[in-house]
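Hi,

Here is the structure I said I would pass on. Have a look at it first, and my notes follow underneath.

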Amino acid sequence: MRRHPYRAVIFDLDGVLTDTAHYHYLAWKQLANSLGCHFDATFNEQLKGVDRMGSLELILAAAGKSCSEQEKLALAEQKNRHYQQLIAVMQPADLLPGAADALQAVRAAGLKTALASVSKNASAVLQMLGITSLFDIVVDAAGIRNSKPDPEIFLAAAAQLQLAPQDCLGVEDSIAGIRAIKSAGMFALGIGKAIILTEADVVISGLDHFNLHDYWQAAPG
Ligand code: BG6
Ligand code: MG
């Protein structure tokens with residue numbers, strides 16, 4: 001059998017493996033509304049994949065508000081407290097359909113698995129989902145300086161796996177994340193809607209449609 005063209009799959013967490021993207025949405029919406037800012041699902045697409053302070057900056061800019069650094073830290077902390085309350089009850093049943101099967105299929109095919117999430121809560125969420133041991137490596141907010149759409153987190157994951165970027169396939173639900181994967185020189189699998197994730201190489205609606213063989217066909221070259 002021909003060797004798969006990729007050597008690793010690098011997964012985003014929020015919105016790909018579990019629906020924490022919705023909890024981030026709820027927590028940001030409440031904060032934005034408390035500041036008198038309009039917040040809807042369309043605007044939220046711009047926040048997906050962007051780190052906590054970066055997301056707050058986007059909300060404040062859209063609302064035309066200015067805050068001191070101290071006020072910003074307090075607002076970000078308030079959002080995070082709300083988010084942590086929402087995720088406190090998460091358990092393995094909160095994995096999205098197909099997520100565990102996709103991770104296992106990648107490993108069974110002899111490829112490495114990595115997590116690339118800019119969330120400071122990523123390790124805690126992995127623990128609650130019970131999937132920490134399914135990853136060869138985890139890169140989170142602690143391991144990078146620049147949030148998606150900067151390619152740093154995907155390049156760091158490839159480097160830790162001792163692989164070239166073109167040997168890796170990235171999986172993302174956010175516009176910023178797909179941009180980061182493409183800037184890193186990797187194949188980008190989008191999770192969501194093709195009309196939103198226009199820069200992805202292939203888009204599927206969820207990991208329940210994940211089929212490693214399909215991306216073999218779509219591999220460059
Ligand atoms: C990303 C989410 O994974 O993590 C963003 O897509 C979120 O919505 C970001 O803002 C940072 O998360 P946290 O948990 O560090 O606030
Ligand atoms: Mg995401």
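Let me start at the boundary between domain 1 and domain 2, where 4 residue pairs are in polar contact, counting pairs with both residues at pLDDT 80 or more. As that cut-off suggests, you're looking at a predicted model. Salt bridges are another story: the rule finds 0 of them across this interface.

On the domain 1 side, two elements each give two or more residues to the surface that touches domain 2, namely α6 (122-129) and α8 (175-183). Sorted by class, that side has 6 nonpolar, 5 polar and 4 charged residues.

To place all this on the chain: the domain assignment puts 8-18 + 91-218 in domain 1 and 21-87 in domain 2. Their centres, taken over C-alpha atoms, are 23 Å apart. Where they meet, 15 residues of domain 1 are in contact with 12 of domain 2. The two domains bury about 1100 Å² between them, with 52% of that on carbon and sulfur atoms. Within domain 1, the residues that lose the most area to domain 2 are D14, N121 and S147, which together make up 34% of what that side buries.

Now the ligand. Which residues come nearest to ligand 1? Of the 15 around it, they are D14, R52, S119, K120 and N121. Oxygen atoms of ligand 1 also pair up with polar atoms of the protein: one is 2.6 Å from an N or O atom in the S119 side chain, one is 2.7 Å from a polar backbone atom of K120, and one is 2.8 Å from a polar backbone atom of G49.

Cheers

Note on methods:
Residues are numbered from 1 along each chain as its sequence is written. Chains are lettered from A and ligands numbered from 1 in the order in which they are written. This is a predicted model: local features need pLDDT of at least 70, side-chain atom pairs count only at pLDDT 80 or more; totals for chains, interfaces and linings use all residues. Side-chain values use heavy atoms; hydrogens and water are left out. Domain bounds come from an automatic or database domain assignment. Contact means heavy atoms within 4.5 Å. Buried area is the accessible area (1.4 Å probe) that two parts lose on being put together, summed over both. A salt bridge is a side-chain nitrogen of Lys or Arg within 4 Å of a carboxyl oxygen of Asp or Glu. A polar contact is a pair of N or O atoms within 3.5 Å; within protein, one must be able to donate a hydrogen and the other to accept it, and residues adjacent in sequence count only if both atoms are side-chain atoms. Helices (H or I, at least four residues) and strands (E, at least two) are DSSP runs, numbered from the N terminus. Ala, Val, Leu, Ile, Met, Phe, Trp, Tyr, Cys and Pro count as nonpolar, Asp, Glu, Lys and Arg as charged, and the others, Gly among them, as polar. A residue is near a molecule or strand if one of its heavy atoms lies within 4 Å of it.
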